[in-house]
There are 2 protein chains.
Amino acid sequence: MHKDFKILLELSKKIQLLTSISRLLEWDQETYMPPEGATVRAEQVELMAELIHQRKTHPNFGEALARLEKAEHELSDNERAALREWKRDYKLALALPPPFVKKFAKVTSESISIWATARKNNDFAHFAPTLKNIISLCKERASFIGFDANPYDALLDTFEPGLTISKVSPLFKELKEGLLPLLKKIQSAPQIKDDFLYGDFSHDEQLDFGNELLKAMGHDSAKGRLDLSTHPFSMAIHPSDSRITTRITAGSFFDCIGAVLHEAGHSLYEMGLLPEYYGSPICEPASYGIHESQSRFWETRIGQSKPFWSHFLPKLQKRFPQLEGVALNDFYRAINRVIPSCTRVEADEVTYSLHVILRYEMERDLISGSLPVDQIPARWNETMQELLGITPPSDAEGCLQDIHWSFGAFGYFPSYTLGNLYASQFFEAFEEAYPDWESRVQKGELTFIREWLNQMIHQHGRVFSAEELVEKVTGKPASAAPYLSYLHRKYNAIYS
Amino acid sequence: MHKDFKILLELSKKIQLLTSISRLLEWDQETYMPPEGATVRAEQVELMAELIHQRKTHPNFGEALARLEKAEHELSDNERAALREWKRDYKLALALPPPFVKKFAKVTSESISIWATARKNNDFAHFAPTLKNIISLCKERASFIGFDANPYDALLDTFEPGLTISKVSPLFKELKEGLLPLLKKIQSAPQIKDDFLYGDFSHDEQLDFGNELLKAMGHDSAKGRLDLSTHPFSMAIHPSDSRITTRITAGSFFDCIGAVLHEAGHSLYEMGLLPEYYGSPICEPASYGIHESQSRFWETRIGQSKPFWSHFLPKLQKRFPQLEGVALNDFYRAINRVIPSCTRVEADEVTYSLHVILRYEMERDLISGSLPVDQIPARWNETMQELLGITPPSDAEGCLQDIHWSFGAFGYFPSYTLGNLYASQFFEAFEEAYPDWESRVQKGELTFIREWLNQMIHQHGRVFSAEELVEKVTGKPASAAPYLSYLHRKYNAIYS
């Protein structure tokens, strides 16, 4: 190993360790922390962020990088990829002046509670001044980072390296044009009965079943855990310590299962990174979009498929006697029921992307300035009507529903939908590799899926960008076509 | 606030925050961490220790200290106490050269598993070479720290500031001389029946009852939690986040309750520190001995008293039908049964100190060199025979039972017994303040005890040394007399 590579690896590993400690602080905060621990927790988190930033921007790091660049020809492919990603990280960390980072953190941390109050009181005007401030800080952030065409591109890039408006817009346009007629058709079909999904389901059994699913998926309990929290999440400390949470919603039990499948997809990705590269970007996930592709792959492509429930429904029925007598096909149709609703996080596969497209277009226009903040509620409601045929009964259930803007995460939303597109592209490659996947899944075999994802995606970490990875796995560039064709096939059958 | 006091407080607060994060890492490791997380956890803990040591020995700290010393006359009493303790901490941190700290950490971390193997295989010879090494490192440590009469004094001082052999030895002599005849008398009395304490007790009910006790004691669940771990412990992140664990031993249910009472005593101490002084030594516990006094106060003086069980036994009987029909006096006598055993952690109130005295005398002689390591097993067994009238069936159950020496904690054991002495002295003052305590406890009132401890002990943090605190609360210097007189009174009655 090159001397300077070793130095960088040491420095980078300490940053990773500090980051992993921060993540544990977050995990604990959402799971077991006593409520009044929140005050000191905020100070702990802030201190760790400061230590991480100091190390990410330390001249030692830059100097070792500069030396290693000169020796690039001596490096292996993986080492060269690590160097490229270290350069990216270093440049990004240095781009933002510390006083700006501090200001951004302060404003966004205050604005979360302002947003929460505004949502509670259904009072967009209460949030508007802060949001204006955040948007101008995001623009400032974009100028520090740098961009070619649009400031929003710089923001997209922080979540999905290399992503630009010019790449997203055509994908999302194609998607929208493909989804709207499908949704129209579904809405004219008779409603699907799903009342058996609601009622009184034992909480312990729900969690036990969650653990049963994890085991079947190959989510090793020696390296992970399942707990409860208000909002489900996945938190990776290390490939050998990757934890997820789910939630139990009184009256509606599929929530818990869906969250387990989704978060386990994230967690299996982190568990599949190569621990021998821990400390380097090789042992980090490629992008938010690729991450989301892994969660959606498991949640929707496997966990909402008929072969999957052909195996698991009888097991479910043993745990929950109220499901006895529900036929597989009725269960399958119920968990895939399409209903336009106001809330993104409750959306089905067909409408989900429309929620994201709405947010993407508004973000883009808020950053460019063509959409003034005060016009958000009106624009939101118009677009909801246009895309989903409904108007939220209040701003609380409309433009105030998501936390993202309040903490300045402009540029994040598109990765949700990119994840769905990537997942569909990966799934086509998976189907080619395993034409018999349905009969295997029907027998309860799931670990071969994990192994395939591991081989094709997880183990590569950040060696390839999201775009490169999609090309490498599928032989094609990112595209909306596989996702659209899957949705049309599946939902035409369900709503025939 | 003086400018330099403010600077020190800022520096010291960051050290506290880092320490509290380390403690959370430890808490997580013993409660919820997936087993394979251990490897990265060790690296996280090591990195935090490094960061803490760097900050504790940073010249900035020393310079601000030197400036503040010159302005000492401008400080309030509390600020002056903080300055004194900061000086102590800084001196202690600087005393040990970083290569020595590293070596000590390495040797002791390796030796823990050597000790564990030796204990497992009942093979003292396997542990002996490492123990010799640790003892010579402890002597080296003592020389770095400095001492007047004996190197062991320097080690005692790190756990119990100001403690020396010349102070401990007379206390322990008095104690031993008072305990031996009492034990002899007890052993000649008829055995107490306690078989109802063993059997199959619902685990959930044990934990629930633990939480019921915590609530009654004023252990605020918004600021603390109760979990399970292999060895019970208390871990304070901050006065508003202080967690304890207990264990459930199959077949023997008083273990769980005793641990809850003991650990809650520790935790209430930490919760009672003044958060407005967080970051300074004022918001830190005075010493290990004072800490132990708080746990033993609750565990033995309250939790093994008759008034306490007069209130709680009926509640216990509702949860555990197998206890129905057990009379209060029989229950009280059973939980206070005295039986010499080989194992310190299972010892009753009368024999516990004898276990500690044995260890203290051996430690003292190991450090002075008058006891060679190879003679440990023989000396151990002789002293066990002399003090407790039993000989351990094996070294595993004898001189290899405790982990302490394997991680170099020479000087720690005495604080266990000091805690009992302090607790008894505090209890005399408490009885004077509340002559009606028995009738109040009998009604289930416990929070007035917490408030008294809070007022007299907790809130002072490190303002007073352990010795000063004992004098301040009781008007008398540290003494074994109150403890002895309590034990004689109590156990003469039980074994009459």
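**Exercise 1. Contacts of a loop residue**

Task: In this predicted model, find which residues A:Y412 touches, not counting residues up to four places away in sequence.

Solution.
Step 1. Locate the residue: A:Y412 sits in the loop between helix 15 (376–388) and helix 16 (414–433) of chain A.
Step 2. Look for heavy atoms within 4.5 Å, the cut-off for a contact.
Step 3. With residues up to four places away in sequence set aside, the partners of A:Y412 are A:F159, A:Y288, A:E363 and A:H404.
Step 4. For contrast, take A:Y332: its C-alpha atom is 31 Å from that of A:Y412, and the two residues are 80 apart in sequence.

**Exercise 2. A salt bridge inside one helix**

Task: State how far apart the closest N and O atoms of A:E110 and A:K106 are, and where both residues lie.

Solution.
Step 1. The general idea is that side chains of opposite charge can pair when their charged atoms come close.
Step 2. The closest N and O atoms of A:E110 and A:K106 are 3.0 Å apart. The limit for a salt bridge is 4 Å, and A:E110 does form one with A:K106.
Step 3. Both residues belong to helix 5 (residues 98–120) of chain A, where they are 4 residues apart, about one turn of the helix.
Step 4. Now classify the surroundings. A:E110 has a relative accessible area of 40% and is therefore partly exposed. A:K106 has 52% and is therefore exposed, since the class begins over 50%.

**Exercise 3. Salt bridges between distant parts of a chain**

Task: For the pairs B:R319 with B:E205 and B:E284 with B:R462, determine which parts of chain B are linked.

Solution.
Step 1. In the salt bridge of B:R319 with B:E205, the closest N and O atoms are 2.8 Å apart. This pair joins distant parts of the chain: B:R319 is in helix 12 (residues 306–319) of chain B and B:E205 in helix 9 (residues 203–217) of chain B, 114 residues apart.
Step 2. Both partners are partly exposed: B:R319 has a relative accessible area of 22%, and B:E205 has 26%.
Step 3. In the salt bridge of B:E284 with B:R462, the closest N and O atoms are 2.5 Å apart. Here, too, distant parts of the chain are linked, 178 residues apart: B:E284 is in the loop between helix 10 (254–271) and helix 11 (288–302) of chain B, and B:R462 is in the loop between helix 18 (447–456) and helix 19 (466–474) of chain B.
Step 4. B:R462 is buried, because its relative accessible area is 9% and buried means under 20%.
Step 5. In chain A, A:E284 and A:R462 take part in a network of salt bridges together with A:R84, A:E85 and A:D89. The structure as a whole holds 70 salt bridges over all chains.

**Exercise 4. Parallel or antiparallel?**

Task: Decide whether helix 1 and helix 2 of chain A are roughly parallel or antiparallel, then do the same for helix 8 and helix 20 of chain B.

Solution.
Step 1. Two packed helices are described by the angle between their axes and the distance between the axes.
Step 2. The axes of helix 1 (residues 3–31) and helix 2 (residues 38–56) of chain A come within 10 Å and cross at roughly 160°. Angles over 145 degrees count as roughly antiparallel, so these two helices of chain A are roughly antiparallel to each other. The crossing of helix 1 past helix 2 is left-handed.
Step 3. Among the contact residues are A:L18 and A:L25 of helix 1 and A:V45 and A:M48 of helix 2 of chain A.
Step 4. The axes of helix 8 and helix 20 (residues 481–494) of chain B come within 10 Å and cross at roughly 5°. Under 35 degrees the label is roughly parallel, so this pair of chain B is roughly parallel. Including B:L175 and B:L179, residues of helix 8 meet residues of helix 20, among them B:L484 and B:L487.

**Exercise 5. An unusual phi**

Task: What is the sign of phi at A:N122 and at B:N122?

Solution.
Step 1. Most residues other than glycine have a negative phi.
Step 2. A:N122 is not a glycine, yet its phi is positive, about 50°. B:N122 likewise has a positive phi of about 50°.
Step 3. A:N122 lies in the loop between helix 5 and helix 6 (124–145) of chain A, and B:N122 lies in the loop between helix 5 (98–120) and helix 6 (124–145) of chain B.
Step 4. Both are partly exposed, at 37% for A:N122 and 38% for B:N122.

How values were computed:
Residues are numbered from 1 along each chain as its sequence is written. Chains are lettered from A and ligands numbered from 1 in the order in which they are written. Side-chain values use heavy atoms; hydrogens and water are left out. A salt bridge is a side-chain nitrogen of Lys or Arg within 4 Å of a carboxyl oxygen of Asp or Glu. Buried means under 20% relative accessible area, exposed over 50%, partly exposed in between (1.4 Å probe, protein chains only). Axes are lines fitted to C-alpha atoms, for helices over the stretch in contact, and angles run from 0 to 180 degrees between N-to-C directions. Angles under 35 degrees count as roughly parallel, over 145 as roughly antiparallel, 65 to 115 as roughly perpendicular and the rest as oblique. A crossing is left-handed if the near helix is turned anticlockwise from the far one by less than a right angle, and right-handed if clockwise.
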